[in-house]
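Here are my notes on the assembly, set out as numbered points to be read with the structure open beside them.

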Protein chains: 4
Amino acid sequence: MTEKAGLVVPTTVRVRYGETDQMGVVYHAAYVVYCEIGRTEFMRVAGLPYAEMERRGFLFVVADLSLKLRDSARYDEELTVLTRLVRIRHTSIVFGYEIRAAADGRLLTTGETRLGCLDAQTKKVTPIPSDFFEKMAACQAVAE
Amino acid sequence: MTEKAGLVVPTTVRVRYGETDQMGVVYHAAYVVYCEIGRTEFMRVAGLPYAEMERRGFLFVVADLSLKLRDSARYDEELTVLTRLVRIRHTSIVFGYEIRAAADGRLLTTGETRLGCLDAQTKKVTPIPSDFFEKMAACQAVAE
Amino acid sequence: MTEKAGLVVPTTVRVRYGETDQMGVVYHAAYVVYCEIGRTEFMRVAGLPYAEMERRGFLFVVADLSLKLRDSARYDEELTVLTRLVRIRHTSIVFGYEIRAAADGRLLTTGETRLGCLDAQTKKVTPIPSDFFEKMAACQAVAE
Amino acid sequence: MTEKAGLVVPTTVRVRYGETDQMGVVYHAAYVVYCEIGRTEFMRVAGLPYAEMERRGFLFVVADLSLKLRDSARYDEELTVLTRLVRIRHTSIVFGYEIRAAADGRLLTTGETRLGCLDAQTKKVTPIPSDFFEKMAACQAVAE
């Protein structure tokens with residue numbers, strides 16, 4: 001356990017015009033993208049940017065995805081994506097997300113994604129490299 | 001029960017270039033869009049196009065979304081989205097999806113979405129209109 | 001000159017919900033995607049699918065892009081993308097597009113894209129392979 | 001002429017994974033979105049956020065769009081969108097863009113968009129409101 005245990009990384013995204021739909025609010029699939037932005041920043045803060053993982057020959061591929069959409073966001077609103085690491089296993093990693101409006105804190109969406117680690121060449125499941133595993137494990141959400 | 005019970009509507013989509021990512025396969029959020037295309041065609045076949053529902057002042061808003069991504073698809077591949085109605089309630093409706101490669105039938109993704117019915121003016125939850133409810137209920141997946 | 005000279009390939013796309021924005025009509029960047037779908041079908045009809053070109057180690061990369069947006073399209077509308085080959089040169093190819101509403105024929109968008117041919121390995125400009133060049137040249141718009 | 005004449009507003013965007021395609025670089029249509037982000041920030045800096053214009057009943061709709069794509073950007077790269085106001089007329093406004101890699105300054109894309117001002121209710125062309133016109137005109141690129 002390090003001081004990073006239970007790390008929650010906040011990332012700000014501003015809603016783009018093209019992310020709205022004719023309901024006048026953010027299109028639901030955009031939240032899937034916001035989650036990805038959130039875990040990208042989580043990995044950067046935790047010490048190993050995902051781009052670096054790909055350069056080293058590993059892919060993290062979304063295997064399971066679930067979202068609960070509770071409230072809607074509008075064009076040009078700033079949102080906060082709060083990302084935490086729910087658990088990490090030999091070949092997979094689960095991130096959890098809470099997306100809130102930055103101005104008033106209202107909860108928009110919660111979600112989880114499980115990603116599998118693949119060898120970029122063979123596209124086969126492969127163990128998460130140990131340095132990444134350790135850096136991430138140190139940031140794992142507590143009381144899970 | 002009517003002759004449409006257990007209706008499964010197949011829709012074909014061809015993977016667009018912009019739907020791929022640098023892994024060389026379809027970006028995961030694209031499957032969320034494919035599911036929406038699937039339920040749009042389901043409603044059309046079942047007898048009430050969604051666009052017509054909006055013209056009448058109702059919105060169906062995604063409240064829960066879950067996907068299992070099992071295999072990957074490539075640029076220009078034809079995919080078959082198989083959509084069924086899992087259940088319909090007073091104010092919500094659950095669709096289920098199976099996305100397969102059209103050429104070889106391999107299973108890519110399964111998923112479910114629950115949509116809530118809102119009044120387009122007030123944005124409040126409202127009962128699904130009865131003609132739509134009945135047309136959809138007649139198409140519900142059996143043995144659920 | 002062959003019977004294909006002046007070939008115009010029509011492709012149908014149906015507007016997806018996520019392609020609308022809060023103006024209630026199709027977001028402008030979606031037309032860029034529709035153009036790509038159009039030229040993909042043009043190449044298929046002309047005899048050499050673009051996916052095949054990539055398998056052979058060539059990339060066609062958009063270098064210039066221009067669109068005039070004249071009218072708007074709505075969710076679930078069927079659009080017709082009419083694609084023609086404006087000209088083909090040693091290392092580049094220009095496609096022209098006309099996007100119309102399928103139901104009433106109203107003109108939505110016209111545009112052109114110039115694509116350069118790259119070697120997929122080196123990412124350097126390279127001559128368009130001769131079989132592709134000939135198949136395309138035979139379809140070139142006349143009197144241009 | 002005010003101190004804002006020739007205003008150039010820089011905006012940073014970080015390339016999202018889903019904005020790449022199987023070429024391993026940013027998909028060309030993403031630059032259209034980056035331009036929109038650029039002009040949104042330009043209007044905010046110039047003193048009248050676009051969201052405010054829509055609340056007041058005006059829409060700015062893209063009528064013409066042109067891009068020259070000169071170099072490619074990669075996943076997770078930071079880009080700088082430099083936006084300037086090329087000219088403003090009674091009912092339309094032209095923005096110019098230069099998109100560069102933030103790290104090394106290499107030029108990726110240049111472009112222009114012309115937007116027409118519409119009344120949000122009638123969807124008819126309408127004069128740009130005078131307070132917006134004046135704030136923007138004061139920021140116009142010089143010597144154009």
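1. In this predicted model, chain B can be laid on chain A by a turn of 180 degrees with a shift of 0.0 Å along the axis, and the RMSD of that superposition is 0.0 Å. The two copies are thus related as by a two-fold rotation axis. One surface serves both of these copies, in that 100% of the contact residues of chain B recur in chain A. If you wish to find the axis by eye, look for B:S66, which of the residues of chain B comes closest to the rotation axis, its C-alpha lying at 2.1 Å.

2. Chains C and B can be treated in the same manner: a rotation of 180 degrees, with 0.0 Å of shift along its axis, superposes chain C on chain B with an RMSD of 0.0 Å. Here the residue of chain C that comes closest to the rotation axis is C:V13, at 5.1 Å for its C-alpha. The same surface again serves both copies, with 94% of the contact residues of chain C recurring in chain B.

3. Turning to the strands, strand β2 of chain C (residues 58-69) is joined to β2(D) by five bridges, and the two strands run antiparallel. A useful pair for checking the register between these chains is C:D64, which stands opposite D:K68 in β2(D).

4. Within chain D, β2(D) is also joined to strand β5 (residues 107-119) by eleven bridges, and this pairing too is antiparallel. In this case D:V62 stands opposite D:L115 in β5(D).

5. Is strand β2 of chain D largely enclosed or left open by the rest of the structure? Nine of the twelve residues in this strand (residues 58-69) are buried, so the strand is largely enclosed by the rest of the structure. When reading the side chains along such an element, recall that in a regular strand they alternate between the two faces of the sheet.

6. The last point concerns two helices of chain D, α1 (residues 29-46) and α3 (residues 130-137), whose axes come within 9 Å and cross at roughly 100 degrees. Because angles of 65 to 115 degrees count as roughly perpendicular, α1(D) and α3(D) are therefore roughly perpendicular to each other. On the α1(D) side the contact is made by D:F42, D:M43 and D:A46, which meet D:F132, D:K135 and D:M136 in α3(D). The residues of this contact divide into five nonpolar, no polar and one charged.

Definitions and conventions. Residues are numbered from 1 along each chain as its sequence is written. Chains are lettered from A and ligands numbered from 1 in the order in which they are written. This is a predicted model: local features need pLDDT of at least 70, side-chain atom pairs count only at pLDDT 80 or more; totals for chains, interfaces and linings use all residues. Side-chain values use heavy atoms; hydrogens and water are left out. Copies are superposed by least squares on the C-alpha atoms of residues with pLDDT of at least 70 in both. Contact means heavy atoms within 4.5 Å. Buried means under 20% relative accessible area, exposed over 50%, partly exposed in between (1.4 Å probe, protein chains only). Helices (H or I, at least four residues) and strands (E, at least two) are DSSP runs, numbered from the N terminus. Two strands pair if DSSP finds at least two bridges between them. Axes are lines fitted to C-alpha atoms, for helices over the stretch in contact, and angles run from 0 to 180 degrees between N-to-C directions. Angles under 35 degrees count as roughly parallel, over 145 as roughly antiparallel, 65 to 115 as roughly perpendicular and the rest as oblique. Ala, Val, Leu, Ile, Met, Phe, Trp, Tyr, Cys and Pro count as nonpolar, Asp, Glu, Lys and Arg as charged, and the others, Gly among them, as polar.
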